[in-house]
Amino acid sequence: MHKVLLLTTILFSLAVSAICQSTVTVPNVVLHKFYNEYESVAKANWSVQADGSYYVKFYLSKNKLPYSAVYDPNGNWIEKKTGIKFSELPMLVAEEIVNRYHNFKPVSNTRYETAGNKPLYYVTLIKWQPGSDYRESYDVEFSAEGVLLNNPEMQTARVSAEENAWLKLYPESK
């Protein structure tokens, strides 16, 4: 009997710790607004920012793309970042990327929204040749209308063995 009780207590403790991803106390109004908007959250990690707002990084059970959001203490969202597929970019943004960076492959696409503003789109593009020890990349920022908003500088970085293997397996996005 004692073994069953001990085992039950241990399993319950593990379940609670798995559900509670952080020790931050988030106001109920913030949690309510968050879970109303994102019903299928698989994992959420909360933190409090210096200005008192609540930052949450999470994944939805329907996909493996990263999401994040910032809420004020009253539950109003301030900003949202959503990982998206290349095919989900606005057509004007996708066309501009294909035209300007035709030798580069998009590896990270993010829709960035702030309250009361049109979304922006951040895309990381890389060019890499199999067997090369270096890759070139750009971090570009576009408006929904396909206007390039930053003046990206090409970055060159040494490719690790793990990244080299990953790049070989990464499916073409275009």
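The following exercises, each with a worked solution, examine strand pairing, burial, salt bridges and aromatic pairs in a predicted model.

Residues are numbered from 1 along each chain as its sequence is written, and side-chain values use heavy atoms, with hydrogens and water left out. Because the model is predicted, local features need pLDDT of at least 70 and side-chain atom pairs count only at pLDDT 80 or more, while totals for chains, interfaces and linings use all residues.

**Exercise 1. Strand β3 and its partners**

Determine which strands pair with β3, and in which sense.

Solution. Step 1: fix the terms. Strands (E, at least two residues) and helices (H or I, at least four residues) are DSSP runs, numbered from the N terminus. Two strands pair if DSSP finds at least two bridges between them.

Step 2: examine the β2 side. Strand β2, residues 54-60, pairs with β3 in the antiparallel sense over 6 bridges. Opposite V70 of β3 stands Y55. The connection from β2 to β3 is a hairpin through 5 residues.

Step 3: examine the β4 side. Strand β4, residues 77-83, is paired with β3 in the antiparallel sense over 5 bridges. Here A69 has K80 as its bridge partner. β3 and β4 also form a hairpin, with 5 residues between them, and G75 in the turn has a positive phi of about 90°.

Step 4: assess burial. A residue is buried under 20% relative accessible area, exposed over 50%, and partly exposed in between (1.4 Å probe, protein chains only). In β3, residues 66-71, 5 of the 6 residues are buried, so the strand is largely enclosed by the rest of the structure.

**Exercise 2. Two residues compared by location**

Establish the burial class of S68 and of N63.

Solution. Step 1: S68 lies in strand β3. Its relative accessible area is 8%, so S68 is buried.

Step 2: list the contacts of S68, where contact means heavy atoms within 4.5 Å. Leaving aside neighbours within four places in sequence, S68 is in contact with Y55, V56, K57, F58, E79, K80 and K81.

Step 3: N63 lies in the loop between β2 and β3. N63 has 23% relative accessibility and therefore counts as partly exposed. Between N63 and G83 there are 10.0 Å in space, C-alpha to C-alpha, although the two are 20 residues apart in sequence.

**Exercise 3. Salt bridges**

State how many salt bridges a search of the whole structure finds, and characterise three of them.

Solution. Step 1: a salt bridge requires a side-chain nitrogen of Lys or Arg within 4 Å of a carboxyl oxygen of Asp or Glu. The search of the whole structure finds 5.

Step 2: E37 and K80 meet through their side chains at 2.3 Å, N to O. This pair links distant parts of the chain, with E37 in helix α2 (residues 28-37) and K80 in strand β4, 43 residues apart. E37 is partly exposed at 35% relative accessibility, whereas K80 is buried at 10%. K80 also lies over the face of W77, at 4.2 Å from the ring centre; a charge sits over a ring if NZ of Lys or CZ of Arg is within 6 Å of the ring centre and within 35 degrees of the ring normal.

Step 3: K118 and E145 form a salt bridge, their closest N and O atoms being 3.2 Å apart. K118 is in the loop between β5 (105-114) and β6 (120-127), and E145 is in the loop between β7 (134-143) and β8 (155-158). K118 is exposed at 59% relative accessibility, and E145 is partly exposed at 39%.

Step 4: E136 and K127 form a salt bridge with closest N and O atoms 3.4 Å apart. E136 is partly exposed at 23% relative accessibility, and K127 is partly exposed at 28%.

**Exercise 4. Aromatic pairs**

Classify the pairs that Y138 forms with Y101 and with F104.

Solution. Step 1: rings of Phe, Tyr and Trp (its six-membered ring) pair if their centres lie within 6.5 Å; planes under 30 degrees apart count as stacked, over 60 as edge-to-face and the rest as tilted. A search of the whole structure finds 13 aromatic pairs.

Step 2: the ring centres of Y101 and Y138 are 5.1 Å apart and the planes stand at 55°, so this pair is tilted. Y101 is in the loop between α3 (91-100) and β5, and Y138 is in strand β7, 37 residues apart.

Step 3: F104 and Y138 are 5.2 Å apart, centre to centre, with 65° between the planes, and form an edge-to-face pair. F104 is buried at 9% relative accessible area, and Y138 is buried at 17% relative accessibility.

Step 4: ring pairs also link F34, Y35, Y38, W46, F58, Y67 and Y71 into a cluster.

Terms used:
Contact = heavy atoms within 4.5 Å.
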